Amino acid sequence: MTTIAPEIEESWKQALWNEFQSNYFFQLKEFLVRERSGYTIYPPGPKIFHAFNATPLDKVKVVILGQDPYHGKGQAHGLCFSVPKGIKPPPSLVNIFKEIHNDLGIEIPSHGNLEYWAAQGVMLMNATLTVRAGSAGSHQNKGWEIFTDRAIKVISEKNENVVFLLWGRYARAKETLIDKSKHLVLQAAHPSPLSANNGFLGCKHFSKTNKFLAEKGLKQIDWSLPD
């Protein structure tokens, strides 16, 4: 059985149209309907595809991959590692800000909303786009990974000179989806406090990203966050 595309930015709708019509996506949609009937699901429905709506396919310059949305109340809004203004930045995001400060001298921001990055072409995509409240990993292996793997492949195929930031074992496994002859792949430990000292802190991925973009004649990312 087929389904129609959800509310998603037009370039992504066209690029991923076959996914939306596929059997696995229909089954995923049925799963989400069942979940919503008994549980709170994050992020809110209009924000599930926020990463795609905030960064059109032809604007993607950098990809940061997360695994799951945050599962606490008010945290997830469809961009990996990001939280809305007014929500305390989680520990992994705090470590990201520390690395940016140490790498580029940018002051640690007053909030954790990364929409400013997304607007500049930083695709902030989780591998799984939904989660049950209070239950990390609860929507893994339901079809989302097939969809987001395809999105990574689409970026690799259709774009050039994209920087992929793969942090942690899960993200690093996505390396095989990327054509490294035309993109830059940077890998490090996950920014979680459990692993950040094993290679994330000190990785200098943010300056390396901007150096690569500059060498390709592309506008660098402003990694600060306006208040």
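The following exchange between a student and a tutor concerns a predicted model.

Student: What is the order of the strands in the open sheet of four strands?

Tutor: The pairing in this open sheet is parallel. Neighbouring strands are turned by 20° against each other on average, direction ignored. The order of the four strands is E3-E2-E5-E6.

Student: Why is one side of E3 and of strand E6 left without a neighbour in the sheet?

Tutor: Strand E6 covers residues 184–188. Both E3 and E6 have one side without a neighbour because each has a single partner strand and stands at an edge of the sheet.

Student: Which residue in E5 is the bridge partner of Val-62?

Tutor: E2 and strand E5, residues 163–167, run parallel and are joined by three bridges. For Val-62, the bridge partner in E5 is Val-163.

Student: How far does helix H7 reach from its first C-alpha to its last?

Tutor: Helix H7 spans residues 144–158 and has 15 residues. At 1.5 Å a residue, a reach of 21 Å is expected. The modelled helix is close to that expectation, at 21 Å.

Student: Which element gives the most residues to the lining of the largest cavity?

Tutor: This cavity has a volume of about 50 Å³. E2, E3, H7 and H8 each supply at least two residues of its lining. Among the lining residues are Thr-148, Asp-149 and Ile-152, and the buried residues of H7 include Thr-148 and Ile-152. The element that gives the most, with three residues, is H7.

Student: What is the volume of the second largest cavity?

Tutor: Its lining consists of Phe-97, Ile-100, Ile-106, Glu-107, Pro-109, Trp-223, Ser-224 and Leu-225. By class, these residues divide into six nonpolar, one polar and one charged. The volume of the second largest cavity is about 30 Å³.

Student: Which residues lie nearest the centre of the largest pocket?

Tutor: The largest pocket has a volume of about 540 Å³ and a lining of 36 residues. Two or more lining residues come from each of strand E2 (62–66), helix H5 (91–104), strand E3 (122–126) and helix H8 (169–172). Those nearest the centre are Gln-67, Asp-68, Pro-69, Tyr-70 and His-190.

Student: How many charged residues does the lining of the largest pocket have?

Tutor: The nonpolar class contributes 19 residues to this lining, and the polar class 15. The number of charged residues is two.

Terms used. Residues are numbered from 1 along each chain as its sequence is written. This is a predicted model: local features need pLDDT of at least 70, side-chain atom pairs count only at pLDDT 80 or more; totals for chains, interfaces and linings use all residues. Side-chain values use heavy atoms; hydrogens and water are left out. The expected span of a helix is 1.5 Å times one less than its number of residues. Buried means under 20% relative accessible area, exposed over 50%, partly exposed in between (1.4 Å probe, protein chains only). On a 1 Å grid over the protein atoms alone, a cavity is a set of points where a 1.4 Å probe fits but cannot get out, and a pocket is an open set with protein on both sides within 12 Å along at least five of seven lines; lining residues have an atom within 4 Å of a point. Grid points are joined across faces, edges and corners, and a volume is the space filled by probe spheres set on the points. Ala, Val, Leu, Ile, Met, Phe, Trp, Tyr, Cys and Pro count as nonpolar, Asp, Glu, Lys and Arg as charged, and the others, Gly among them, as polar. Two strands pair if DSSP finds at least two bridges between them. Axes are lines fitted to C-alpha atoms, for helices over the stretch in contact, and angles run from 0 to 180 degrees between N-to-C directions.
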